[in-house]
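Colleague: Please take a close look at one part of this model, the way its aromatic side chains are packed, and walk me through the surroundings in a connected account.

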Amino acid sequence: MSDVVPNRFLTHGAIAAVVFALCGHAFAESNLDSGVPTEEEIRLWPDAAPGTEHWTGEEVTLNYHVPAGKIIIKTNITVPTLTPFRPAPDQANGTAMLVLPGGGFGVLAWDLEGTEIARWLVERGITAFVLKYRVGPFTVPPAEEPQEDFDAHVRRLEPAWKIAVADAGQAMRLLRERADEYGIDPKRIGMIGFSAGAATTLGTVFSPDPTLRPDFAASMYGLLVKESPLPADAPPLFIAATQADATVPAASSTVLFDLWSEAGRPAELHIYQTGEHGFGMRPKGLPVDHWPAAFEAWLDSLGLLSRADDRPRAGYSQG
């Protein structure tokens with residue numbers, strides 16, 4: 001394992017901010033939202049998910065309020081699933097994306113970094129699948145407990161990260177096997193992750209098994225949990241972060257861009273000056289509000305917003 005990010009960046013306080021605030025503020029609980037999407041769920045594993053057969057308890061869905069508004073979170077997820085969001089048949093272009101919400105591997109920011117992203121993708125003809133990967137209940141360490149250094153934090157984080165990466169890889173395998181059923185091109189399946197979801201996305205990108213890797217990927221305010229050799233055919237990568245992020249530093253994103261650049265692989269990096277961690281797609285009256293437009297332009301430059309047989313995917317190459 002390699003220390004990719006300086007020790008000071010990952011502390012108890014930072015992880016608590018990811019899980020309980022997403023924007024650096026405390027949550028205030030409210031009633032469960034009756035408007036939670038009811039799309040079908042696709043179970044990832046035919047039996048109990050491997051490695052967590054001992055996990056018990058009911059999945060929990062709650063509403064919380066943060067400065068950006070009300071968000072839906074999910075926790076104690078023992079049965080990982082995919083929730084599909086499909087464009088109209090005459091609008092579907094054959095491209096698909098897995099959407100991985102963040103939440104510090106303790107919760108999932110289900111709408112802010114999941115369903116809201118999926119609906120945006122659908123409007124552009126992309127079939128989206130929100131991944132509900134396994135997370136266990138998160139507890140905040142006591143305030144008097146000393147903050148751990150990076151290595152200690154990674155040792156505590158890595159088991160949960162590996163579980164999430166296993167779910168993401170299984171999701172890629174499942175979508176490629178069932179591509180015809182969903183009307184998608186098995187060679188045009190991407191992945192976008194936010195925070196912990198971005199770390200999970202990168203875990204699949206670095207997989208030694210090429211069948212588990214996405215064909216293109218996006219890391220939103222994410223980081224490498226561990227450094228591995230970058231595959232020679234690493235997929236095109238879109239990266240976005242903010243300089244003001246106090247939870248995951250912008251340096252984590254520049255590390256990714258440098259890795260891709262040094263390997264001669266395609267990557268695009270956007271670092272905005274202002275904007276807190278967990279900005280998602282909700283307008284904030286800041287320049288970071290424009291990252292979806294940049295992402296759309298990037299997808300279009302790869303030919304991923306056109307039907308698979310409409311035109312060549314300029315600049316898109318896995319070889």
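Modeller: I begin with helix 2 (residues 111-122; helices are DSSP runs of H or I with at least four residues, strands runs of E with at least two, numbered from the N terminus), which is mostly covered, as 10 of its 12 residues are buried, that is, under 20% relative accessible area with a 1.4 Å probe and protein chains only, where over 50% is exposed and anything in between partly exposed. Among these buried residues are Leu112, Ile117, Trp120 and Leu121. This is a predicted model, in which local features need pLDDT of at least 70 and side-chain atom pairs count only at pLDDT 80 or more, while totals for chains, interfaces and linings use all residues. Residues are numbered from 1 along each chain as its sequence is written, and side-chain values use heavy atoms, with hydrogens and water left out.

Trp120 belongs to one aromatic cluster together with Phe194, Tyr221, Phe238, Phe279, Trp291, Phe295 and Trp298. The structure holds 11 aromatic pairs, counted when the ring centres of Phe, Tyr or Trp (its six-membered ring) lie within 6.5 Å, with planes under 30 degrees apart called stacked, over 60 edge-to-face and the rest tilted. Tyr221 and Phe279 have ring centres 4.7 Å apart and planes at 70 degrees, so they form an edge-to-face pair. This pair joins distant parts of the chain, 58 residues apart, with Tyr221 in the loop between strand 10 and strand 11 (237-242) and Phe279 in the loop between strand 12 (267-272) and helix 7 (291-301); both Tyr221 and Phe279 are buried. Phe238 and Trp298, with centres 5.7 Å apart and planes at 50 degrees, are therefore a tilted pair. Because Phe238 lies in strand 11 and Trp298 in helix 7, their pairing ties together parts 60 residues apart in sequence, and both residues are buried.

Around these rings, the largest nonpolar core (a set of buried Ala, Val, Leu, Ile, Met, Phe, Trp, Tyr and Cys residues joined through side-chain atoms within 4.5 Å) has 67 residues, of which Leu82, Ile192, Trp291 and Phe295 touch the most other members. Helix 3 (residues 150-177) gives the most to this core, with 9 residues. Leaving aside neighbours within four places in sequence, Trp291 is in contact (heavy atoms within 4.5 Å) with residues including Ile192, Phe194, Phe238 and Phe279. A second, separate core of 12 residues includes Leu202, Ala234, Leu237 and Leu256.
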